[in-house]
Structures are given as structure tokens and as C-alpha cells.
Amino acid sequence: MPLPTIRFYFDFASPYAYLAFHQLPKALEGLAYRVQYCPMSLGAIFKARQTTSPVFQPEKRAWINRHCTWLAEQADLPFVMPAVHPFASVPWLRMALAASPHGQPSRAVVEQLFAAIWQTGNNPDDADWRHSIWQSVAQNLPEVRSVDDAAVKTELFALSDQALAHGVFGAPSCVLLQEDGSSQLFWGMEGLPMLRDALEKQQ
């Protein structure tokens with residue numbers, strides 16, 4: 001019997017995606033599954049859903065900062081708001097895809113990129129610093145592609161479209177694929193216990 005597949009849709013710009021990325025293995029501990037890490041453009045998602053990011057609302061932005069700081073403390077996870085937020089996340093998303101010849105970034109690569117953004121306090125829009133992070137990631141990989149490769153750009157568009165097709169409206173989102181071709185969506189940190197419940201019912 002094949003392992004249940006979870007698609008973890010994320011955008012590096014989301015602090016909740018960073019937190020959920022680290023929480024996912026703990027939330028599903030003891031269960032059998034496999035994860036596909038799927039970068040997507042949150043901006044494209046918001047545009048398609050005709051909505052805007054909550055970080056552009058001062059009160060919500062302040063709450064997100066407080067809430068995520070608290071959640072990270074509870075999880076004993078390093079968390080430092082980047083020097084600029086929101087920032088242009090597309091170059092980072094392309095880095096994740098370029099780190100694999102087939103557009104399937106490993107958990108290790110995604111973790112390195114999340115850490116650079118959410119643990120250092122640096123400016124993710126600083127092109128020179130971003131390039132240094134890419135060099136650090138790439139030097140340990142057997143094969144990488146150019147971040148500016150047309151295929152990488154196409155893959156990011158395609159993943160964002162796939163996310164929309166699965167009903168994704170924000171990040172992070174977990175999509176549990178079913179054997180019959182259907183899927184179930186679980187949004188945000190609060191969706192992880194529901195995801196565990198759905199997996200338990202399959203095992």
C-alpha cells in the first residue's frame with residue numbers, strides 16, 4: 001500500500017509557514033506518510049482570491065509578530081523577524097526549486113532557506129546576501145539549476161496554479177492526496193491536528 005502523500009504548500013514570506021514546517025514532523029509523529037515540499041507564490045494566491053496579505057493591515061501585522069514570536073518560544077524554535085517584511089519572496093522560492101533538477105526541493109534545502117530568513121534578522125531583499133545563501137546551499141548539492149532558468153520560473157507558476165486548484169487560499173497549507181484523486185485541505189498551524197486525525201483514519 002503506497003504511503004499517504006502530503007503536499008506542503010508554503011511561501012518563505014510567511015512566518016506561520018516557517019513555524020508549521022518545523023511543527024509538521026512533531027504533529028504527525030508515529031504515522032507513515034511522505035511529504036512533497038511545494039513552493040508557491042502567496043502573492044499569486046492572494047491575487048487570484050482577490051484578497052490582500054494581512055501584513056498590510058497594521059493591527060494584524062502587530063498581532064502576527066507577537067503571535068509568531070510566542071509560538072516560536074513555545075516550540076523552543078529560533079525566531080527573528082527579518083529586517084524587511086514583507087519582502088520579495090519569489091527569488092527565494094526559485095532558489096528552492098533550482099536546488100533540485102526536478103523541482104522537488106528536499107526538506108534540508110527548505111530548512112536552510114527558512115533559517116536564513118527567520119533566524120538571522122537580515123534583509124531578504126539584499127541581493128548580495130541572498131546570493132551568498134544560495135552559494136552556501138548549492139555547494140552541498142550534487143546538481144543545481146540556475147535560479148533564473150526559465151523552467152524554474154515555469155515550475156513556480158505551475159505550483160501556484162496547482163495550489164489554487166487544491167483550494168489553497170493562504171500559507172501554510174497541507175493537502176492530503178487521496179487514492180481516488182481527491183484531496184483534503186488543511187490550513188495553517190491549527191490545521192495540523194486535523195491533518196493528523198485524517199491520516200490516523202487511513203492507517
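Which residue lies over the face of Phe 21? In this predicted model, that position is taken by Arg 107, at 3.8 Å from the ring centre. The aromatic surroundings of Phe 21 are described below.

The structure holds 14 aromatic pairs. In one of them, the ring centres of Phe 10 and Phe 114 are 5.6 Å apart and the planes meet at 50°, so this pair is classed as tilted; an angle under 30 degrees would have counted as stacked, and one over 60 as edge-to-face. The two residues come from distant parts of the chain, being 104 residues apart. Phe 10 belongs to strand 1 (residues 5-10), whereas Phe 114 belongs to helix 5 (residues 107-118). Phe 10 has a relative accessible area of 0% and is therefore buried, since the cut-off for this class is under 20%. The value for Phe 114 is also 0%, so Phe 114 is buried.

Phe 114 forms an aromatic pair with Phe 21 as well. Here the distance is 5.4 Å centre to centre, with 45° between the planes, and the arrangement is tilted. Because Phe 21 lies in helix 1 (residues 15-27) and Phe 114 in helix 5, this pair ties together parts that are 93 residues apart in sequence. Both Phe 21 and Phe 114 are buried.

Phe 10, Phe 21 and Phe 114 are members of one aromatic cluster. The cluster also contains Phe 8, Phe 12, Tyr 18, Tyr 37, Phe 79 and Trp 118. Within this cluster, Phe 114 pairs with Phe 10 and with Phe 21, while the face of Phe 21 has Arg 107 lying over it.

Methods: Residues numbered from 1 in each chain as written. Predicted model: local features only at pLDDT ≥ 70, side-chain atom pairs only at ≥ 80, totals over all residues. Heavy atoms only, no water. Phe/Tyr/Trp six-rings, centres within 6.5 Å; stacked < 30°, edge-to-face > 60°. Helix = DSSP H or I, 4+ residues; strand = E, 2+ residues; numbered from the N terminus. Buried < 20%, exposed > 50% of the residue type's maximum accessible area, 1.4 Å probe, protein only. Lys NZ or Arg CZ within 6 Å of the ring centre and 35° of its normal.
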